[in-house]
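Reader: Could you take me closely through a single part of this model, the sheet and the side chains that it carries? I would like a connected account rather than a list.

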Amino acid sequence: MEVHYSGDALAGFGGGVGISNIKEGRIGTNLVWTPLKGFDIGAEFMYVHLNQTRPAGLAPDAVLNAAGLPSFQANTNQYEGRLRVQRAF
């Protein structure tokens, strides 16, 4: 997924804060076992990579850190996992 805004996307809004270009990639898999009809046991895994530009109007990292907030990270990786037991009637 990609979202790109033009350079004048905030024109007319008084120079709002928060607009950011985003690029996200996801890949995942699942494995399901059906020991009985209508009864599933499964596991799922998802990897997500997010790449984004610094949001318009966001304070510099030094100011964020002085306020006790984390620094901006342009690239992040997330891992998601889930176990599932499902019964259908």
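Author: What follows goes through the sheet from strand to strand and then turns to the side chains on it.

The model is a predicted one, and the part in question is an open sheet of four strands in the order 1-2-3-4, with antiparallel pairing. Strand 1, residues 2–3, and strand 4, residues 75–87, stand at the edges with a single partner strand each, so one side of each is left without a neighbour in the sheet.

Beginning at the edge formed by strand 1, one finds that this strand pairs with strand 2, residues 22–36, in the antiparallel sense over two bridges, and that Glu-2 stands opposite Lys-23 of strand 2. Strand 2 in turn pairs with strand 3, residues 39–52, over 13 bridges, again in the antiparallel sense, and here Ile-27 has Tyr-47 in strand 3 as its bridge partner. The hairpin of strand 2 and strand 3 has two residues between the strands, and in this hairpin Gly-38 takes a positive phi near 80°. On the other side of the order, strand 3 and strand 4 are likewise antiparallel and pair over 13 bridges, with Thr-76 in strand 4 serving as the bridge partner of Leu-50.

Tyr-47, already met as the bridge partner of Ile-27, also leads to the aromatic side chains, among which the count comes to two aromatic pairs. In the pair of Tyr-47 and Tyr-79, the ring centres are 5.3 Å apart and the planes stand at 45°, so the pair is tilted, given that planes under 30 degrees apart would count as stacked and those over 60 as edge-to-face. Because Tyr-47 lies in strand 3 and Tyr-79 in strand 4, this pair ties together parts that are 32 residues apart in sequence. The two tyrosines fall into separate classes of accessibility, for Tyr-47 counts as partly exposed at 24% relative accessibility, whereas Tyr-79 counts as exposed at 59%. Ring pairs also bring in Phe-45, which is linked with Tyr-47 and Tyr-79 into a cluster.

A further group of side chains is found at the surface, where Trp-33, Ile-41 and Val-85 make a nonpolar patch of about 330 Å². Of these residues, Ile-41 lies in strand 3, and its relative accessible area of 32% makes it partly exposed. Strand 3 thus carries Ile-41 of the patch as well as Tyr-47 of the tilted pair, while pairing with strand 2 and with strand 4.

Technical notes
Residues numbered from 1 in each chain as written. Predicted model: local features only at pLDDT ≥ 70, side-chain atom pairs only at ≥ 80, totals over all residues. Heavy atoms only, no water. Pairing = 2+ DSSP bridges. Patch = residues over 30% accessible without salt bridge, like charges linked within 9 Å, V, L, I, M, F, W, Y side chains within 5 Å. Areas by Shrake-Rupley, 256 points an atom, 1.4 Å probe, with all protein chains shown as cover. Salt bridge = Lys/Arg side-chain N within 4 Å of Asp/Glu carboxyl O. Buried < 20%, exposed > 50% of the residue type's maximum accessible area, 1.4 Å probe, protein only. Phe/Tyr/Trp six-rings, centres within 6.5 Å; stacked < 30°, edge-to-face > 60°.
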